[in-house]
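I opened this notebook to record what I looked up in one structure. The entries run from the whole chain to single residues.

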Amino acid sequence: MMAGDLAAPSAEGRLTDSHGRAITDLRISVTDRCNYKCVYCRTGEEGINFTELPIEHYLRMIRIFVSLGVEKVRITGGEPLLRAGLVDMVAELAQMRTTYPSLESGEADQLLDIALTTNGHLLEAMAAPLKAAGLSRITVSMDAVDSETFTRITRVPRSFERVLAGIRAARDAGLGPVKVNCVLLRGFNEDQIERFAEFSRAEGVIVRFIEWMPLEEDRSWKPETVVTMDEIVARLNAWRPLVDLEPNAASETARRFTFDDGVGEIGIIAPVSRPFCGHCSRIRLTSDSKIRTCLFSQVDHDLYKKSREGRSDSELAAYIRHVVFRKEARHHIGEAGFLKPARNMVHIGG
């Protein structure tokens with residue numbers, strides 16, 4: 001069935017797409033500025049124009065999404081800790097309540113689950129204030145556990161020590177278990193797999209390996225650079241036997257493992273070799289307030305323009321329903337005719 005042939009979305013009830021998937025997770029970028037120049041994302045060049053909208057606009061959009069059944073909001077960037085007013089924004093979100101029974105717990109009238117993804121460079125000083133404001137969970141992007149490799153990836157000297165201090169500060173502030181995301185690139189950091197296993201066990205964090213996706217600025221992605229789930233599992237099993245863990249939810253992106261002694265947790269997110277689109281519950285809002293129904297969408301939907309036209313909350317909600325109803329069934333990485341999105345990850349939002 002072509003998108004134009006789809007029946008109209010329901011005017012009430014939980015936000016769903018035409019494939020029957022409930023949309024409960026919103027990822028919202030509050031800036032596309034970043035203080036790192038990671039090789040799998042940025043070219044390293046200066047002079048890029050950045051976009052940030054007023055915090056009040058993002059809060060209004062989130063309220064509308066929550067009224068449609070969103071239960072979890074993840075704040076992303078760019079680097080969200082660069083954004084002025086972030087702690088106050090988290091405090092505002094911490095007062096919001098979901099309006100539908102949770103798909104996971106079945107309970108209605110729950111406080112919003114608020115998460116944040118950061119590169120961790122500024123986290124040491126901000127972890128405690130964010131926790132006090134009401135942040136539920138935090139994920140730190142960290143692509144190596146030795147300073148030399150880390151600097152080679154981020155292209156920022158002495159960055160590893162800052163991120164490590166941030167992870168420990170977040171753990172001490174009560175934001176644990178902290179998740180640490182590592183994007184693996186062949187030729188850069190695949191030698192870090194076993195070291196990250198040791199890191200998980202020693203630091204009490206959840207390490208998640210992510211297959212590299214074609215979302216980089218300089219269009220250098222090739223299938224052979226991807227370190228796949230099968231390779232990661234084989235390497236870890238040779239280091240110490242893995243034990244499967246049950247998923248926390250059907251829409252969870254990571255396949256979860258611990259080790260044979262129950263110490264440490266590893267997740268593997270494999271969008272390239274093991275797509276999980278069938279259970280996708282996510283929608284994205286970019287820093288310029290455009291809806292992206294998939295990381296690999298070829299079209300953005302300009303919510304900010306609609307709001308600037310003076311549309312009411314109910315009109316914006318109807319527009320969101322219309323856009324989300326036409327969410328793609330899946331991405332097409334690795335297939336003939338696959339097109340990379342025109343925007344890269346730093347502009348889409350993590």
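The entries below concern a predicted model.

**Entry 1. Overall make-up.** I began with the secondary structure and found 10 helices and 12 strands in the protein. I then looked up burial: of the 350 residues, 52% are buried. The protein exposes about 15,000 Å², and carbon and sulfur atoms supply 52% of that area. For contacts between residues at least 6 apart in sequence, I noted that 73% join residues at least 24 apart.

**Entry 2. The largest nonpolar core.** I asked which residues of this core touch the most other members. They are Ile62, Leu93 and Phe209, in a core of 92 residues. Helix α1 (residues 55–67) gives the most to this core, with eight residues. I followed Leu93 further and set aside its neighbours within four places in sequence; Leu93 is then in contact with Leu59, Ile62, Val73, Ile75, Leu112 and Ile114.

**Entry 3. Helix α5.** I turned to α5, which covers residues 159–172 and has 14 residues. From first C-alpha to last, α5 reaches 20 Å, close to the 20 Å expected at 1.5 Å a residue. I listed the buried residues of α5 as Ser159, Phe160, Val163, Leu164, Gly166, Ile167, Ala169 and Ala170. I next asked what covers them. The cover includes the helices α3 (123–133), α4 (147–154) and α6 (193–203), together with the strands β4 (137–141) and β5 (179–184). After α5 comes Gly174, and I recorded its positive phi, near 95°.

**Entry 4. Val163.** I selected Val163, which is placed in helix α5, and asked why it counts as buried. The reason is that its relative accessibility is 0%, and the cut-off for buried is under 20%. Not counting residues up to four places away in sequence, Val163 touches Tyr36, Asn119, Gly120, His121, Val140, Met142 and Phe150. For one of these partners, Val140, I looked up the separation: Val140 and Val163 are 23 residues apart in sequence, and their C-alpha atoms are 8.2 Å apart in space.

**Entry 5. Ser287.** I closed with a loop residue. Ser287 lies between β10 (282–285) and β11 (290–292). Is Ser287 buried or exposed? I entered Ser287 as buried because its relative accessible area is 0%. I also noted that the side chain of Ser287 reaches the backbone oxygen of Thr51 at 3.4 Å.

Definitions and conventions. Residues are numbered from 1 along each chain as its sequence is written. This is a predicted model: local features need pLDDT of at least 70, side-chain atom pairs count only at pLDDT 80 or more; totals for chains, interfaces and linings use all residues. Side-chain values use heavy atoms; hydrogens and water are left out. Helices (H or I, at least four residues) and strands (E, at least two) are DSSP runs, numbered from the N terminus. The expected span of a helix is 1.5 Å times one less than its number of residues. Buried means under 20% relative accessible area, exposed over 50%, partly exposed in between (1.4 Å probe, protein chains only). Contact means heavy atoms within 4.5 Å. Accessible areas come from the Shrake-Rupley method with a 1.4 Å probe; for residues, only the protein chains shown count as cover. A polar contact is a pair of N or O atoms within 3.5 Å; within protein, one must be able to donate a hydrogen and the other to accept it, and residues adjacent in sequence count only if both atoms are side-chain atoms. A nonpolar core is a set of buried Ala, Val, Leu, Ile, Met, Phe, Trp, Tyr and Cys residues joined through side-chain atoms within 4.5 Å.
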